[in-house]
Number of protein chains: 2
Amino acid sequence: MPVITIERKVLAKNDEIAQQNRDLFARHGLFVFNLVSSPGAGKTSLLERTLETLRDRVRIAVVEGDVQTDFDAQRVARYGVPVVQIVTNGGCHLEARLVQDALAAIALPGLDVLVIENVGNLVCPANYDLGEALKVVLVSTTEGDDKPLKYPGMFRNASVLVINKVDLLPYVPCDLAALRRNALQINPALRVFETSCTTKAGIPEWCEWIAAQSSRRP
Amino acid sequence: MPVITIERKVLAKNDEIAQQNRDLFARHGLFVFNLVSSPGAGKTSLLERTLETLRDRVRIAVVEGDVQTDFDAQRVARYGVPVVQIVTNGGCHLEARLVQDALAAIALPGLDVLVIENVGNLVCPANYDLGEALKVVLVSTTEGDDKPLKYPGMFRNASVLVINKVDLLPYVPCDLAALRRNALQINPALRVFETSCTTKAGIPEWCEWIAAQSSRRP
């Protein structure tokens with residue numbers, strides 16, 4: 001089965017470069033997370049609220065991953081933070097090599113946190129280590145409460161779950177308790193935040209968590 | 001570059017089986033569409049409203065594709081139509097071979113329409129022909145109006161766009177005119193429907209289109 005062999009080689013090569021990224025992040029005392037979700041769940045909006053809240057306290061840089069366009073990098077750049085856009089040109093996930101290349105354009109000394117916003121895809125990015133400390137999976141209430149059971153790989157590989165768009169709960173068929181329960185059934189160790197980027201509910205708690213992670217670094 | 005060569009071989013083999021599926025559908029006079037979207041955009045909900053509306057007029061069967069669980073097949077089965085669940089076990093898209101295998105479990109004679117609900121993923125399913133007459137891409141207003149520009153492959157390869165969850169427009173930052181404009185910029189030939197599976201807005205027009213497609217078959 002040559003396809004599987006080559007797929008394994010691709011993943012092994014990716015893991016090798018991810019480790020180089022991880023070593024680089026450690027040398028600079030950087031807290032790095034890989035932000036993953038379906039398209040339109042609110043990754044960039046969460047980043048905007050995060051930068052708005054933390055930019056005077058925590059030095060943050062962003063790597064944006066998209067299939068096409070630099071819209072997300074433009075949105076993030078308005079907050080005056082370093083940002084690099086990776087366009088995958090059809091690719092369904094970021095790989096460690098793409099992140100490594102992007103890092104060449106960011107001055108790492110002096111930074112506290114690096115956020116890597118992955119391509120919007122609840123399946124493929126689960127399997128690609130980028131060198132991050134952890135994955136944060138974002139799910140929107142509008143997607144319904146069954147997604148952790150239907151896309152378990154991503155929830156299993158993540159350490160943090162952000163349930164976004166809680167302001168829309170009155171209008172959508174999503175049982176918040178069931179969503180939490182389903183996620184914790186797949187991964188009981190998940191740390192869960194509930195946010196709305198519109199009302200800013202939950203944003204302070206989420207931002208305090210990031211600040212605490214970054215201050216724990218050497 | 002062996003990876004690319006093998007990827008090409010995989011796609012060539014897929015296209016060959018897709019053609020076998022297409023020939024089979026033609027022999028039975030079946031109208032077949034491949035329903036694609038992000039996770040949680042409302043593919044199964046749209047199917048439920050469609051079956052509710054059309055089941056006395058059009059004989060419909062469904063092939064469900066999911067990474068994990070048979071929740072969607074269970075939802076569809078309540079409408080008394082033939083349904084087969086494909087579980088990809090981590091796979092990010094359906095392939096023609098999986099559909100071919102699923103077809104063995106459905107009595108095709110007497111059917112008018114077959115709906116193939118793909119895995120929730122706005123990237124990977126764009127490149128895999130399953131033998132369908134056309135792709136229908138569903139996008140939810142909650143995903144924002146920029147998705148056609150950010151994930152152009154799927155919108156380029158689809159023939160029909162369903163903009164779902166229009167009932168949520170008052171609560172989400174989505175400009176419906178911009179969403180249509182962005183989609184038509186990528187693919188000017190797209191036929192566009194606007195629906196809500198909650199209020200049933202637009203469902204009659206969508207269902208009439210399906211009925212017309214099926215009655216046009218030999």
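**Sheet architecture and the A–B interface**

Ile60(A) has Val113(A) as its bridge partner in E4(A). In this predicted model, the pair belongs to the parallel association of strand E2 (residues 60–66) with strand E4 (residues 113–117) of chain A, a pairing that extends over 5 bridges. Both strands are part of an open sheet in chain A, in which 7 strands follow the order E3-E2-E4-E1-E5-E6-E7 with parallel pairing. The edges of this sheet are occupied by strand E3 (83–87) and strand E7 (191–194) of chain A, each of which pairs on one side only. From one strand to the next, the twist averages 20°. In general, the strands of a sheet pair through backbone hydrogen bonds, in either a parallel or an antiparallel manner.

Helix H2 of chain A, spanning residues 43–54, lies across five strands of chain A, namely strand E1 (31–36), E2, E4, strand E5 (134–140) and strand E6 (160–164). The direction of H2 is at about 170° to that of E2(A). Elsewhere in chain A, helix H1 contains both Lys13(A) and Glu16(A), which are 3 residues apart, or about one turn of the helix. The side chains of Lys13(A) and Glu16(A) form a salt bridge, with an N to O distance of 3.6 Å. Over all chains, the number of salt bridges comes to 27.

In chain B, an open sheet is likewise found, its 7 strands arranged in the order E3-E2-E4-E1-E5-E6-E7 with parallel pairing. Strand E3 (83–87) and strand E7 (191–194) of chain B each have a single partner strand, so one side of each lacks a neighbour in the sheet. The twist in this sheet averages 20° between one strand and the next. At the E3 edge, strand E2 (residues 60–66) of chain B runs parallel to E3(B) and is joined to it by 5 bridges. Within E3(B), Gln85(B) is the residue that stands opposite Glu64(B). Helix H8 of chain B (residues 203–215) lies across strand E1 (31–36), strand E4 (113–117), strand E5 (134–140), strand E6 (160–164) and E7 of that chain. Relative to E1(B), helix H8 runs at about 140°.

The contact between the two chains draws on 34 residues from chain A and 34 residues from chain B. An area of about 2,700 Å² is buried between chain A and chain B, with carbon and sulfur atoms contributing 67% of it. On the chain A side, the residues that lose the most area to chain B are Pro39(A), Lys150(A) and Tyr171(A), which together account for 21% of what that side buries.

Lys150(A) also takes part in a salt bridge with Asp66(B), the closest N and O atoms lying 3.6 Å apart. Between chain A and chain B, 4 salt bridges are counted. In addition, 9 residue pairs are found in polar contact across the interface of chain A and chain B, both residues being at pLDDT 80 or more. Helix H1 (2–27), helix H3 (71–77) and helix H5 (147–150) of chain A are the elements that supply two or more residues to the side of chain A touching chain B. H1(A) provides the largest share of that side, with 4 residues. Classified by residue type, the side of chain A that touches chain B comprises 18 nonpolar, 9 polar and 7 charged residues.

Note on methods. Residues numbered from 1 in each chain as written. Chains lettered and ligands numbered in written order. Predicted model: local features only at pLDDT ≥ 70, side-chain atom pairs only at ≥ 80, totals over all residues. Heavy atoms only, no water. Contact = heavy atoms within 4.5 Å. Buried area = accessible area lost by both parts, 1.4 Å probe. Polar contact = N/O pair within 3.5 Å; in protein donor to acceptor, adjacent residues only side chain to side chain. Nonpolar A, V, L, I, M, F, W, Y, C, P; charged D, E, K, R; others polar. Pairing = 2+ DSSP bridges. Axes fitted to C-alpha atoms, helices over the stretch in contact; angles between N-to-C directions.
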